[in-house]
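Let's take a friendly walk through a structure together. Keep the 3D view open beside the text, and turn it as you read.

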Amino acid sequence: MRLSPFLVPFLLCLTLQAQDPTIREAFLQAKAAWAAQGNRDEATTRFEQVVASLAPRAKNLEPDSLQVLCESYNWLAVLDDRSPATKSRTQVRFQALLSLNADFELDRTMTSQRLVALYERLRSGEYAPVRLSYAPEGGQLRVDGEASTALPRKFLPFGTHRLIYQRPGHTPQEQTLEVAPREARALAFNLPRIASTLRFHTSPAGPEVLLDGRSLGHTTGRGGTEEAALAISMGLRPEDLSKPFVIPELPPGKHRLELRGPCFRPRVLELGEDLAKPFADHTLEPIRMAPSRGTLTVRSAWPGGELFLSGEAKGPLPVSGLSVCAGTYDLMVRFPAGGFSRQVTVEDGKPVLLEVQPRPRLAYLGLEGGEFTGRARFDALLAGFGERLQHLAFLLPHRGETPVDALARLKASREAELVLIATPVADKVIHRIELTLATLDGEEERVVVKPLEEDPLASLAERLNRLPRLQQPGLGLILLDLPSEPGPWVLGATEAALKAGLQPGQPITALNDQAVTSAGDIQKALASAKESVTVRQGDRTLTIPVQTDALEVPLGQPGFSYPAVLAQLRLRYRGASGEAGNLLKFNMGLILMHLRRYDKAIELLRDTHLPATQGISQGTLDYHIGRCFLRLGPAYLGEATQAFRQALKYPQATLLSPDGPLVAPLAQQALDDLK
Amino acid sequence: MLALPTCYRPAAAILCLLAPGLRAQGGDLAERLYQSGERAYAARSYKEAIETWQQLLQSNPTSSYCPKALLKLAQHQVEIEKKPEAALPFLDRLKADFLKSPEAAEGLLLSGRLLLGQAHRPGDLKDAMAEFHRLLDLYPDAPACAQARLELGRAWGLLGQWGRALPQFLDAFRLRYDVRVAPQAMLAAAETMDLLGDLPGCLRMFQQLHTEFPALPEGQEATWRMAVRVKHRLQRPGLKLEGPWPQGRVKWLKTPLLLQGTPEGDLLIFQNDLDHAFRLRGTELTPVGPPGPSARALVNSRAGTLWMLTRNTLIREEAPAPQPIGTLNAVTGGVLDAWDQLWIADAKVAALTVLAPDGSTRSVGSPPIQALTARLGGGLVAASDSDRKLLFLDQGGQPRLVIPYGKDLPAAFRTVTALCSDGAGQVAALVDGGDYGEGVLIFGPDGTLLRQAQFKTLGISGRITSLALDHSGAVILCDRRNDVLLRLN
């Protein structure tokens, strides 16, 4: 390759730029001190600085730096030779140079014949020349396992050596060589060709290279002098390019080359089969990766949140339109109470909007006293319990803190919403552990586990990961599955559905053009429905609005941990308002009833107003208030009576769900019983 | 404190040292005895298991294994020995000595269920209900609470207090969502809502049961119960003759006279020429029960066996010798109530005769009754040709609804040949005479006429002697003259 006259000084600069700037400066100053000023001492000092800096890391130096180090030794030998006081060091310089690179040839323009002879004598005392020929050239040589420059003449230490020459697309060749003093040896490598190779650079380095979907690794490094011409032709700097990435054996046929990077758009190149055969070395144009970024907006109705993206702080919420590389991140928001974390994937050019809410914090207070078999394993399971929780942030106890102290600290600081204490059950031999899960206000549940079971915490983790639905989409219809009808049969409908033209007493046969045969089919389809759906009834197609039906939290189900559900609802309530807030309060009241905290339940339910008159509504609320007062004893019968009377004012109010039993007959019975 | 003489002190010290060991040994022995009994029981060596547990109760009467053993002994008497009364002493000891043990909740539940099973009159329910309430008060978080609430609801239902039964059924599946109890509670709640007049609520509950537990018997029961209610009460399609039933079967019976549906959906047919009853399941006909010459009524017993009433006797499958039923001589129908009392109607006696399980009889005043069938939730429906009225009687035999013959019909009929009910609230009557003539009427649980058809309109010309309502909402007619069953749908 011919280089233009402008390119040579440029490349020289580049070579030096690639090195440490201080070393480069010292090397140039040393040369100038001698060549321009004839200041031998100054030059020696500067070259010694270069040697002191590079010699300790000689084994890991880049070729350019190695060359600088070798030249510095050459210069120092020449300068030392000029003064009687330092002349004796000349030989030491050459010894150091030979141990560094025995193939180095002295610069004869500045080194005297005498010194060259000394150098050659020293070299021939330990090394013998070997003539090497390589076919084809341009491969990599390894001598005794170490990478070495593939030169036509190499000096090897006396003894036996193993030489391997390899080149992409060829079968590597290994030869063993015995080197003896004053004996010139010759060795020829002739590698047979077995495949085509493909070589390319990316700008910048880093993308993953996939050939036909199989990952081959990532492009690495920064371009140097060899890449300069390529880089300039593309209007880039050499360091903008990666080191060459070589696919050493391109299989026959067509291929798909794909490059993927976390911050770049994927690039796909279709490779024709002519690249694979006949065998040849192919070099592609450098592949320029286009940046790929999206925007991230994170908001929360809860105050005080701070955003962290894969551990990096991104400031307080709200964060709007934050430009981030496309990719997947661990997103975390820290709140004054609770936290939020999830994985989020940002796609190229697309915005991601997240409304986040804090999760309750579960503080594990520790395993109280008592030694038992398997304690260490059980301790470890509890310590790693947080990784299994989807809806809770898990806090470990402070080192050296007792459970009692930890509880006192948390009650004072309110740094957690839930606590977990493990207590061995006092048996002759401990084989059961009681786990107490409680809110800081004392609502608790206890479960007993056996520490030697394969996974004693599985059931607790499963329960903590389950959250009840408080709402479901609906059409305002009462549907029945009758064997004689082709689809769910409409028993009743709300005013909105009737207005849309729906007729009670007729079956629905399709929803959004999909056939439905049961009420379950409709409920499934509604899970992904938008504002309205089309239903087919007879030969008519009607558009019916989708409504949101309130639900009661299902109580008494062993699949839920009610203190944890209560903590969830309390946290969600902090960021809720209006109807949603009232529904949360209502269900918090129900859980308190379930946990037999009737006084607290009444306080909460009385402060709640459900605007609906059908389904889960104010009548439902009043009925539950009445039941709470009944539980408080005879002193509150008057209040209970009043609540049940209120409930009777809502004849369409139901329990459990809009399809649940009517409240009115139950309230009436309760009133009759109170008489 | 008394000081021991010096010579006794070493012995006392040894005893003091040994005492905890002895106690521990006693505890170990109790555990070993209990587990040994469990192993024997699992191997079905019942005698050995019972003796081992009895030994445990005698040797370690205060051990924490005693309540477990007492509960096991009680359960054995109920489940294996089938002697519920023999279980009660074990349960009484469990309640008296170990009320704070974890087994006490199960013991209270079992005790309540046994007392409920033994109840023969409303007054007997008090003790059973007290046991359930005790369980709910003492162990509100025990898994047994769901079953206790279900049983409490059933007890209120036996008393006819459906308004009090409903909250118990609802709580049984709402507050303790037990997969075994929940479907039963939902089924009971749905039926109770219907009895309280909330048909939409009843249907919604059936639908929920059908959706949540489609594979369970209760889910399948909900499906047909929902379907027949909708068909008869809401859709009310006109009755049409489908023809012989099972399809294409003609002249295959020998003078069929009586029909009776079973809770499983089968049909019992009494063939007069064979003096025998048969069970029709699908298209398969199998003889059932002992011979019953000139049977007048077929009754399903609670145990699933067949009882037949002849002119003046009761023939039971489990006791083949006919049992005389007092002075009755012209029996027209019989219904077994929730207390296992057999209500018998006689065309010539102006009263209903109630035959108690202990064999005693009593009379409940009524006009002479020509046909009798059960009413949903207890009670009876009786037809009195002399008064020309259909009487909807409560559990005590007192009329709650009186429907004059011909009400809501274009013309009156004169007699009711037979009555039947489908277990979902509907009552069908086979009528004859008057300007209306032969026909079939279907009434709702509140006496509303839901569907009706005259045989002359349907083209039926045989001699229809009995009828039944099936689980799909069809009417099956028994044509004595043509030896065939007909289906109206």
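Which residues have the most contacts inside the largest nonpolar core? They are B:Ala185, B:Ala189 and B:Ala190, and the core they belong to has 161 residues. Before going on, please keep in mind that this is a predicted model. The element that gives the most to this core is helix H9 of chain B, residues 181–195, with ten residues. To get a feel for the packing, pick out B:Ala185 in your viewer. Leaving aside residues up to four places away in sequence, B:Ala185 touches B:Leu150, B:Phe169, B:Ala172 and B:Phe173. There is also a second, separate core of 74 residues, and B:Leu258, B:Leu267, B:Ala429 and B:Val431 are among its members.

Now zoom out to chain B as a whole. Its secondary structure consists of twelve helices and 24 strands. Measured out along the principal axes, the C-alpha atoms of chain B fill a box of roughly 115 × 45 × 45 Å. Of the 489 residues in chain B, 46% are buried. If you take the contacts in chain B between residues at least 6 apart in sequence, 43% of them join residues at least 24 apart.

A good place to look at strands in chain B is an open sheet of four strands. The order is E2-E3-E4-E5, and the pairing is antiparallel. Strand E2 (256–261) and strand E5 (284–288) of chain B stand at the edges, and each has a single partner strand, so one side of each is left without a neighbour in the sheet. On average, neighbouring strands here are turned by 30 degrees against each other, direction ignored. What holds strands together in general? Strands of a sheet pair through backbone hydrogen bonds, in either a parallel or an antiparallel way. For one pair in this sheet, follow E2(B) and strand E3 (residues 267–271) of chain B, which are joined antiparallel over five bridges. Within this pair, B:Gln260 stands opposite B:Leu268 in E3(B).

Next, move over to chain A, which has 18 helices and 36 strands. Is this chain spread out or compact? The radius of gyration of chain A is 40 Å, well over the 26 Å that the globule rule gives for 675 residues, so chain A is more spread out than a compact globule. Its C-alpha atoms fill a box of roughly 130 × 70 × 50 Å along the principal axes. In chain A, 34% of the 675 residues count as buried.

Chain A has an open sheet to explore too, with three strands in the order E4-E1-E7 and mixed pairing. Here strand E4 (153–157) and strand E7 (185–190) of chain A are at the edges with a single partner strand each, so one side of each has no neighbour in the sheet. The average turn between neighbouring strands of this sheet is 35 degrees, direction ignored. Strand E1 (residues 127–135) of chain A runs antiparallel to E4(A), and five bridges join them. One of the matched pairs to find is A:Ala128 with its bridge partner A:Leu156 in E4(A).

Finally, look at where the chains meet. How many residues does each chain bring to the contact? Chain A brings 23 residues and chain B brings 26 residues. On the chain A side, the elements that give two or more residues are strand E30 (477–480), strand E31 (489–493), helix H12 (519–526) and helix H18 (664–674). The largest share of that side, four residues, comes from H18(A). By type, the chain A side divides into 14 nonpolar, six polar and three charged residues.

Technical notes
Residues numbered from 1 in each chain as written. Chains lettered and ligands numbered in written order. Predicted model: local features only at pLDDT ≥ 70, side-chain atom pairs only at ≥ 80, totals over all residues. Contact = placed C-beta atoms within 7 Å. Nonpolar A, V, L, I, M, F, W, Y, C, P; charged D, E, K, R; others polar. Rg over C-alpha atoms; globule rule 2.2 N^0.38 Å. Buried ≥ 20, exposed ≤ 12 C-beta atoms within 10 Å, placed from the backbone. Core = buried A, V, L, I, M, F, W, Y, C linked by C-beta atoms within 7 Å. Pairing = 2+ DSSP bridges. Axes fitted to C-alpha atoms, helices over the stretch in contact; angles between N-to-C directions.
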